[in-house]
Amino acid sequence: EQVIGNNVKLSFSVIDTGIGMTSEQLGHLFKAFTQADGSITRKYGGTGLGLVISKSLVELMGGELKVESEYGKGSRFFSTITLAIAPQTSVPKWKSVTTFKNKNVLLIDDCSNLREVLRHYLTKLQCVVEEAASVDEAFDLIQAHEEAGESPYDLFIVDYQMPIVNGIDFVQGLPIKMRRIPKILMHPIHFEEKNYQLAEEIGYNSCVAKPLQISSLLSAMQEAFEQKLTYQKAVKTEKKKI
């Protein structure tokens with residue numbers, strides 16, 4: 001991010017560690033209904049339109065969407081756009097929330113990039129944040145605090161999908177006296193109803209889908225502590241059978 005006069009220059013980069021592409025495949029990438037590998041649609045789904053639409057939107061904003069890739073290792077898509085700074089902006093609602101000041105939060109996720117984003121959000125909410133890259137590492141931190149006679153955590157934020165030991169296993173491995181500490185389960189956007197029910201049964205106070213915004217994180221925290229929500233959640237409506 002770079003401010004130039006009344007404009008701001010924003011750089012975006014999306015990196016994946018997927019199948020990557022050859023130089024020949026890159027040449028076909030931004031053509032409508034074309035994918036680097038014709039078998040991708042059959043294997044992963046998709047139409048080949050997503051990048052074309054993204055490229056058009058970036059160009060409409062005066063930028064250019066570029067890609068770097070290495071076959072078998074992954075790809076990086078990046079662009080830079082310059083936008084005008086709004087003359088007046090309203091103060092975000094979350095800035096008025098002070099109920100989480102100095103709350104000790106343990107954030108458990110194997111993805112370092114997500115932990116970095118969430119630490120940024122939690123710090124803005126005035127929390128004291130510790131991180132663990134696995135459930136085992138989290139248990140080590142909990143034990144270290146116990147042995148030092150330090151105050152326990154006020155909140156656990158745990159990812160559902162982690163290697164070997166997941167978010168469900170975390171709760172089941174907690175000391176009984178710590179199971180009443182508020183807990184939030186982060187989960188992929190496609191999450192089966194039975195998993196919601198299991199999370200609730202074992203003691204999760206709130207569930208939130210990734211990727212998280214500060215508003216959705218705050219809502220999950222307020223729900224976990226049974227506080228009034230600053231941002232109202234969308235109400236799910238069930239389709240009536242005719």
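**Entry 1: ground rules and overview**

I count a salt bridge when a side-chain nitrogen of Lys or Arg sits within 4 Å of a carboxyl oxygen of Asp or Glu. By this rule the chain comes to 8 salt bridges. I keep in mind that I am reading a predicted model.

I looked up the broad picture next. The chain holds 8 helices and 9 strands. Of its 242 residues, 32% count as buried. I also checked how far apart in sequence the contacting residues are: among contacts between residues at least 6 apart, 61% join residues at least 24 apart. The exposed surface comes to about 15,700 Å², and carbon and sulfur atoms supply 52% of that area.

**Entry 2: helix H4**

I picked helix H4, residues 112-124, for a closer look. Its 13 residues reach 18 Å from the first C-alpha to the last, close to the 18 Å expected at 1.5 Å a residue.

Which residues of H4 are buried? I find Leu114, Arg115, Leu118, Tyr121 and Leu122. Looking down the axis of H4, I see these buried residues fall within an arc of 125°, so they line one face of the helix. On the face turned away from the buried side I noted the exposed residues Asn113 and Glu116.

Then I asked what covers the buried residues of H4. The cover includes four strands, S5 (104-108), S6 (128-132), S7 (155-159) and S8 (183-187), along with helix H8 (214-224). Just after H4, I came across Gln126 with a positive phi of about 70°.

**Entry 3: helix H3 and the nonpolar patch**

On the surface I found a nonpolar patch of about 480 Å², made by Ile53, Leu57, Leu60, Met61 and Leu83. Helix H3, residues 50-60, gives the patch its largest share, 3 residues. I looked up Leu57 by itself: this residue is placed in helix H3, and its relative accessible area of 47% makes Leu57 partly exposed.

H3 also carries a salt bridge. Lys55 pairs with Glu59, with the closest N and O atoms 2.6 Å apart. Both residues lie in H3, 4 residues apart, which is about one turn of the helix. I checked the exposure of each partner: Lys55 is partly exposed at 24% relative accessible area, and Glu59 is partly exposed at 40%.

**Entry 4: other salt bridges**

A reminder to myself: side chains of opposite charge can pair when their charged atoms come close.

Glu68 and Arg76 form a salt bridge, their closest N and O atoms being 3.3 Å apart. Glu68 is partly exposed at 42% relative accessibility, and Arg76 is partly exposed with a relative accessible area of 27%.

I then turned to Asp159 and Lys210, whose side chains meet in a salt bridge at 2.9 Å, N to O. Asp159 lies in strand S7 and Lys210 in the loop between S9 and H8, so this pair ties together parts that are 51 residues apart in sequence. Is Asp159 buried or exposed? At 2% relative accessibility, I put Asp159 down as buried. Lys210, at 21%, counts as partly exposed; the cut-off for buried is under 20%. I also noted that salt bridges with shared partners join Arg115, Arg119 and Glu131 into one network. Arg115 was already in my notes as one of the buried residues of H4.

**Entry 5: backbone details**

Lys210 came up again when I went through the backbone: the peptide bond from Lys210 to Pro211 is cis, with omega near 0°. Pro211 has its place in the loop between strand S9 (206-209) and H8.

I also looked up positive phi values in residues other than glycine. Asn102 has a phi near 70° and is found in the loop between strand S4 (74-84) and S5. Asn102 is exposed, with a relative accessible area of 52%. Glu226 shows a phi near 55° and lies in the segment after H8. Glu226 is exposed too, with a relative accessible area of 74%.

Notes
Residues are numbered from 1 along each chain as its sequence is written. This is a predicted model: local features need pLDDT of at least 70, side-chain atom pairs count only at pLDDT 80 or more; totals for chains, interfaces and linings use all residues. Side-chain values use heavy atoms; hydrogens and water are left out. Helices (H or I, at least four residues) and strands (E, at least two) are DSSP runs, numbered from the N terminus. Buried means under 20% relative accessible area, exposed over 50%, partly exposed in between (1.4 Å probe, protein chains only). Contact means heavy atoms within 4.5 Å. Accessible areas come from the Shrake-Rupley method with a 1.4 Å probe; for residues, only the protein chains shown count as cover. The expected span of a helix is 1.5 Å times one less than its number of residues. The arc is that of the directions from the helix axis to the C-beta atoms. Patches are made of residues with over 30% relative accessible area and no salt bridge: like charges are joined within 9 Å, nonpolar side chains (Val, Leu, Ile, Met, Phe, Trp, Tyr) within 5 Å.
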